[in-house]
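Biologist: I have a structure to learn from. Can you take my questions one at a time?

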Amino acid sequence: MILVAYAAILSMSLWLSFQLRFDFFVDSGFKTHRDSIAVSILWIIPLKLCVLFIGRQFSGLLAFFSTPDLIRLCSSVTIGSALIIIPRLLNMDIMIPPRGVILIDLLMSLFMLSGFRVACRVFRERWQVESKGGRRRTAQRVAILGAGEVGASLAKELLNKRGLGKLPVAFFDDDANKKGMRIYNIPVLGIPESLEDNGHNLQLEGAVIAMPGAAARRRGEIIHLLQKLHIPFTTVPSMEQMATGQVKVSQLREVEISDLLGRETVEIDKSGIQSMIQGRVLMVTGAGGSIGSELCRQIALFNPSRLLLVDQSEVQLFQIEQELMDRGFGGVIKSLVVDILDELRLRHVFERFQPEIIFHAAAHKHVPMMEAQPSEAIKNNSFGSAYLARLAGESGVERFVMISTDKAINPTNVMGASKRLAEMYVQALAASNGGKTKFMAVRFGNVLGSSGSVIPTFKKQIASGGPVKVTHPDVTRYFMTIPEAVGLVMQSGAIGQGGEIFVLDMGEPVKIVDLARQLIELSGLVPDEDIDIEFVGLRPGEKLFEELQHTDENTKPTEHEKIFCFVSKPRKLEEVEAIFDGLRPILHSAEPAELKLKLKEAVPEYKPYLS
């Protein structure tokens, strides 16, 4: 095929060279020149093909053409044209084109052959991609929503990297003044709403939302527009992920339910966090969990001298360890398989590594499971937190940040009550140690995408064909993303002075049934048609809605406008320790209902579910 293509191009080049040399009058009166064209093609084209063969021009793939290939092509074509003159020097009796034709043919051959190779490369890079089976398929035609810096960078990457499988054919942007402009020769056709008029003509097979800085409400409007038009869509990573180098702009992802929270992501004060973390030894308990692992990822970016990853699950610990090592933090991290209930092991870790800041994320958090076995919730969430906090105070730890939950407020389940008891101990400890260690707690609502949360459960139910099971049509929850939750924890650790409980401004509560409907729609399905929604009733210990503060807690402003601080009069440490002493003997012998009633004595606002 290459031989035929090159022969055709060289023949066309020689014929065109004669036409240019004689002002396109060759066929109208110069019989000698017409004969010269025919004879020249018969011997010159085979000669040039032989030179090209010797120059290894037939051994390369047409679609792969680089500067070394161009140099070899130029050399071969030049040598071939030079050889045409040899018969004239040897006075051989053969038809030889005029010198002007030979020179024009040299230039035309170079231009046409290199142009052919470049065209093959452009077709490969911009129009075809390899499928898994090795076959070639046409790149998917997509529109890019967002003609800013991120959108332009995405277009460049998609044009240059054929393996991504997407060909940008149009931009749409909220800035109406950009309409009619071109970016990398791709037209800006107007605002995203004009997709309704232009989408069909463009024969779009997909769209990419490249507006990471847009307001949450605006992103939601665009997503609903694309759903209405039945255009498949993906989105670029967040600005934070791109800024920290975690991902590239071309590493597209599916739109998640977190993109539709309807409020802006809370920004954190990175300078304050940097000064708290840089050069210090930090410990994260529960490092393999959803919150703990994200804490480790973000802490590592602020240059600690040592980051201790503590977890009792070696499987989860191994995963976050490998991830951080792959990202270049192997010299900073230290993985420790530790149960926080093992006081001797904990004390050894403190003596050896001397942590200065602790983020305590280890906990049992599954509400129905803990409701059935309250002893485990109290043992891990309350006793484990108390052991760790007391040891932190004895060891002179600078800051201790315990991760709590909004379920600790007027709790109706044992998980929330066990966390509230832990809060009480931490506050009592803060009041008794004279400020040597700054103890504080952080409460937040449901975390989107965390293990055991509602979103992964809904996704599995959708994947299996439904129904999606919702407890109650009126149940609402506050939601936040994992990065937001971790940002709150780190920010609180930086601004806390001891004894506070911090809460993030999580916006308005979200109806779980609305969340289910949105997730079904994001899966490309229709609620109540493709996937049914079934109401199964509230589970033991569940509320219809969550609360933000206790009645005896006072709100205090903080340096961060989106973080609230609740302060209440702490109980005496001796009183709280007496509660623990009363629970310890019956922890594994009392019936669940008896244990819950005992816990209620410690947490009066607790309303236990007694089966």
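The questions below go from the whole model to its helices, cores and salt bridges.

Biologist: What mean pLDDT does the protein have?
Modeller: This is a predicted model, so confidence comes first. In the protein, 83% of the residues score at least 70. The average pLDDT is 82.

Biologist: In which strand is confidence lowest?
Modeller: Confidence is highest in strand β9 (residues 281-285), at a mean of 97. At the other end, with a mean of 49, is strand β1 (residues 128-130). Over residues 129-134 the pLDDT is below 50, although this stretch has eleven contacts beyond near neighbours in sequence. Where pLDDT is low, predicted coordinates should not be read in detail. The strand to name is β1.

Biologist: How many helices are there in the protein, and what share of its residues count as buried?
Modeller: The protein has 23 strands alongside 21 helices. Its chain has 611 residues. The buried share is 49%.

Biologist: What percentage of the contacts with a separation of 6 or more comes from residues 24 or more positions apart?
Modeller: Take the contacts in the protein with a separation of 6 or more. Then pick out those between residues 24 or more positions apart. They account for 74%.

Biologist: Why do the buried residues of α17 lie on the same side of the helix?
Modeller: Helix α17 spans residues 454-463, and its buried residues are I455, F458, Q461 and I462. They lie on the same side of α17 because the arc they cover around the axis is only 125°. The face turned away from the buried side carries the exposed residues K460 and A463. The arc that settles it is 125°.

Biologist: Which elements do the buried residues of α17 pack against, and which residue just after α17 has a positive phi?
Modeller: The partners are two strands and a helix: β15 (446-448), β16 (468-470) and α19 (512-522). Just after α17, the phi is about 95° at one residue. That residue is G465.

Biologist: Over what arc do the buried residues of helix α21 lie?
Modeller: Helix α21 runs over residues 592-602, with L595, K596, L599 and A602 buried. What covers them includes α14 (367-372), α15 (374-394), α16 and α20 (573-583). They are on the same side of α21, because they cover an arc of only 105°.

Biologist: Which element gives the most residues to the largest nonpolar core?
Modeller: In soluble globular proteins, nonpolar side chains tend to be buried together. The largest nonpolar core has 53 residues, and F350, F400 and L421 touch the most other members. The element that gives the most, with eleven residues, is α16.

Biologist: How many residues are in the other core?
Modeller: F400 is in contact with residues beyond four places in sequence, including I358, L388, V426 and F439. The other core lies apart from the largest one. Its members include C296, I299, L324 and I403. Its count is 42 residues.

Biologist: Is C74 buried or partly exposed, and how many disulfides are found?
Modeller: C565 is buried, with a relative accessible area of 1%. C74 counts as partly exposed, because its relative accessibility is 28%. A disulfide is a covalent bond between the sulfur atoms of two cysteines. The whole-structure search for disulfides gives zero.

Biologist: How far apart in sequence are the parts tied together by R218 and E193?
Modeller: The side chains of R218 and E193 form a salt bridge, with N to O at 2.8 Å. R218 is in helix α8 (residues 216-228), and E193 is in the loop between β6 (186-187) and α7 (195-202), so the tied parts are 25 residues apart.

Biologist: Is R218 buried or exposed, and which residues are linked with it in a network?
Modeller: R218 counts as buried, because its relative accessibility is 15%. Its partner E193 is partly exposed, at 32%. The salt-bridge network links R218 with D174, E193 and E221.

Biologist: Which helix holds E423, the partner of R443?
Modeller: R443 and E423 form a salt bridge, with the closest N and O atoms 2.9 Å apart. R443 is buried, and so is E423. R443 lies in strand β14 (residues 438-443), 20 residues away in sequence. E423 is in helix α16.

Key
Residues numbered from 1 in each chain as written. Predicted model: local features only at pLDDT ≥ 70, side-chain atom pairs only at ≥ 80, totals over all residues. Heavy atoms only, no water. Buried < 20%, exposed > 50% of the residue type's maximum accessible area, 1.4 Å probe, protein only. Helix = DSSP H or I, 4+ residues; strand = E, 2+ residues; numbered from the N terminus. Arc of directions from axis to C-beta. Contact = heavy atoms within 4.5 Å. Disulfide = S-S within 2.5 Å. Salt bridge = Lys/Arg side-chain N within 4 Å of Asp/Glu carboxyl O. pLDDT = per-residue confidence, 0-100. Core = buried A, V, L, I, M, F, W, Y, C linked by side-chain atoms within 4.5 Å.
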